[in-house]
Every structure is written in structure tokens, then in C-alpha cells.
Amino acid sequence: MDAISAAPAAPRVALVTGCSSGIGAATARRLLHAGCVVWASARDTRSLAALEAEGCRAVALDLLDEGSITRALGTVETRDGPVRVLVNNAGYGQHGPLELTSSEALRRQFEVNVFGPLALCRHVLPGMRRAGGGRIVNVSSMGGRLSFPGGGGYHGSKYALEALSDVLRWEVAGFGVGVTVVEPGPVRSAFGEAALATLPPMDDPYPTFGESLRAALEGSFRGDGLAGASAPEDVAEAIATAIATEPAPSRVVVGAIAEQMLAARAASSDAQWDAFMDTLYRRPRW
């Protein structure tokens with residue numbers, strides 16, 4: 001029997017965000033297999049038809065709309081009771097030089113990657129306390145502990161999510177709620193295409209850097225770059241294992257690339273890391 005379904009007397013109610021594809025869809029399937037009652041969410045529930053056919057429940061949820069969050073959780077709790085497992089997976093990567101990234105684009109990045117997940121945490125915690133405990137898994141990235149040029153918006157949001165998770169972990173532990181951050185490296189999913197779509201026009205003084213940034217993103221998420229990437233199912237398995245582990249692990253790194261890059265960053269000074277970035281990108285200069 002799976003450790004997740006074996007732990008409580010009744011199946012846990014799990015809510016997973018960003019389930020239209022990739023990590024979210026794989027996680028919904030993995031938790032369903034583990035015996036959870038799984039609510040898969042996305043802005044458009046039509047993208048969840050396959051998961052519904054497999055046994056998941058579908059709910060519309062827009063992280064940019066507090067009312068949508070309230071309605072979604074109301075639907076879940078009315079039918080199945082309080083959420084015992086929350087997987088904050090929905091997110092995307094805003095890329096481009098910070099000077100050329102609008103405040104509107106940065107705000108939206110933080111709304112989706114930080115404020116939306118935090119709002120969900122606030123909404124599910126009362127129910128978790130009433131139920132005697134629960135688990136929150138915030139899907140971050142190796143990019144929540146190291147940064148690459150051109151990814152300021154994305155890295156800033158993931159660093160923030162990790163810091164908030166560290167604080168939340170301490171604040172809710174006494175209620176029997178465990179908080180885990182999952183840090184994948186590159187994953188074979190639609191994330192890379194979405195990241196490329198966020199790039200702004202890069203005119204003077206960034207055209208050369210812009211070319212190298214686009215090439216680096218394409219190299220990471222297309223062609224040969226996918227050879228070392230994790231599958232969404234790898235991340236889903238790490239999430240399921242973290243949920244079943246007592247006590248809850250604070251961080252779980254997924255994939256050899258993430259392990260290697262995080263080790264390299266930990267062993268490098270800032271100057272050494274910047275010099276390494278010079279081998280990957282063409283530094284903007286006059």
C-alpha cells in the first residue's frame with residue numbers, strides 16, 4: 001500500500017494547481033494513484049478533461065483572482081471536506097534584462113509565483129488545523145537558490161517563495177502542518193516555450209546579450225538541452241515521497257542537473273559564479 005494512503009484513516013483531499021500539463025498533471029495522477037481524493041485545478045477546466053476521465057475532480061482556479069481562490073476552495077470543502085494536501089505548482093518564468101522588463105510584467109510574475117500560492121496557503125490552513133494537520137508543497141526550482149542572467153523576475157519570485165516557505169514551515173509546524181519546497185532542475189515540459197514567450201524586444205544596449213539569452217533558453221529547453229532534463233513524473237514522484245515522509249523534508253532537489261548546479265553555486269564565490277556566467281552569456285557592455 002502506498003505510504004500516502006496508508007497514513008490517514010481516510011484518503012487525503014489534495015489540491016494541485018497548474019494541472020493543465022507538465023508537473024501539475026503528473027502530480028495529480030501520482031496522488032490519485034496513492035489513494036488521495038485529487039482536485040486538479042487550472043484557469044480553464046477544459047484542459048483537465050483527461051485527468052477527470054482518470055478519476056480526478058476538476059476545479060477552475062485563477063491565482064490572480066482572490067475570489068476565484070475562495071470559490072475553488074469552497075467547492076472542494078463542500079464536497080470533500082478540508083484540503084489536507086496542497087501542491088502549489090502553477091507558475092511561469094518571466095525572462096529578459098531587468099532594465100527592459102516592465103513593472104507590470106514583474107508584478108504579474110510575483111502575483112502568480114508568490115502571492116497566489118501564499119493566498120492558497122492562508123485559505124487552506126484553517127481547514128488543516130481543524131483536520132489535525134496537513135502538508136503544503138511549494139514547487140520552486142533550483143532557480144530559487146541560484147540565478148542566471150536574464151532571469152531576474154523568475155529568480156526573484158522563486159527566492160521569495162522559498163523565503164516565505166521557510167517562515168511558514170516554522171509557524172505552522174505546531175499545528176501538524178508540514179511545509180516542503182521542491183527544487184527541480186530543467187523539466188521536459190511547456191515551461192521553456194512559455195519562458196521564451198516572455199522575452200521583450202531587446203534593442204540597445206542589450207541586443208548581443210539578448211541573442212545569447214535566447215540561445216541559452218533554447219539550449220536548456222529544446223534539443224540537446226532536454227537530454228539531462230527530468231520528466232514531469234520524476235518531480236511528481238518526489239512530491240509524493242515528500243508528502244509521505246515523516247517529518248516533512250524542508251527541501252527536495254530533483255534531477256542531476258539541479259544537484260550539480262546547486263553544488264557548484266555553493267562552492268563558488270559571487271565573483272567565481274559571475275565568471276562562470278560569462279562562459280554562458282555575452283555580458284552587456286558599451
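These questions and answers cover the sheet, helices, cores and cysteines of a predicted model.

This is a predicted model, in which local features need pLDDT of at least 70, side-chain atom pairs count only at pLDDT 80 or more, and totals for chains, interfaces and linings use all residues. Residues are numbered from 1 along each chain as its sequence is written, and side-chain values use heavy atoms, with hydrogens and water left out.

Reader: What is the strand order of the open sheet of 7 strands?
Author: Strands (E, at least two residues) and helices (H or I, at least four) are DSSP runs, numbered from the N terminus. Two strands pair if DSSP finds at least two bridges between them. The pairing here is parallel, and the order is E3-E2-E1-E4-E5-E6-E7.

Reader: Which strands stand at the edges?
Author: An edge strand here has a single partner strand, so one side is left without a neighbour in the sheet. That applies to E3 (57–60) and E7 (251–254).

Reader: Which residue in E2 is the bridge partner of alanine 14?
Author: Strand E1 (residues 13–16) runs parallel to strand E2 (residues 37–42), and 4 bridges join them. In E2, the partner of alanine 14 is valine 38.

Reader: At about what angle does helix H4 run to E3?
Author: Axes are lines fitted to C-alpha atoms, for helices over the stretch in contact (heavy atoms within 4.5 Å). Angles run from 0 to 180 degrees between N-to-C directions. H4 (residues 66–80) lies across E1, E2 and E3, and its angle to E3 is about 155°.

Reader: Which element supplies the largest share of the largest nonpolar core?
Author: A nonpolar core is a set of buried Ala, Val, Leu, Ile, Met, Phe, Trp, Tyr and Cys residues joined through side-chain atoms within 4.5 Å. Buried means under 20% relative accessible area, exposed over 50%, partly exposed in between (1.4 Å probe, protein chains only). The largest core has 28 residues, and Leu31, Leu51, Val87 and Ile239 have the most contacts inside it. Its largest share, 6 residues, comes from H9.

Reader: Why is cysteine 56 not bonded to cysteine 19?
Author: A disulfide is a pair of cysteine sulfur atoms within 2.5 Å. The structure holds 0 disulfides. Cysteine 56 is buried, at 5% relative accessible area. Its sulfur is too far from that of cysteine 19 for a bond, because the separation is 7.3 Å.

Reader: Is cysteine 121 buried or exposed?
Author: Cysteine 121 is in no disulfide, and the nearest cysteine sulfur, in cysteine 19, is 16 Å away. Its relative accessibility is 3%, so cysteine 121 counts as buried.
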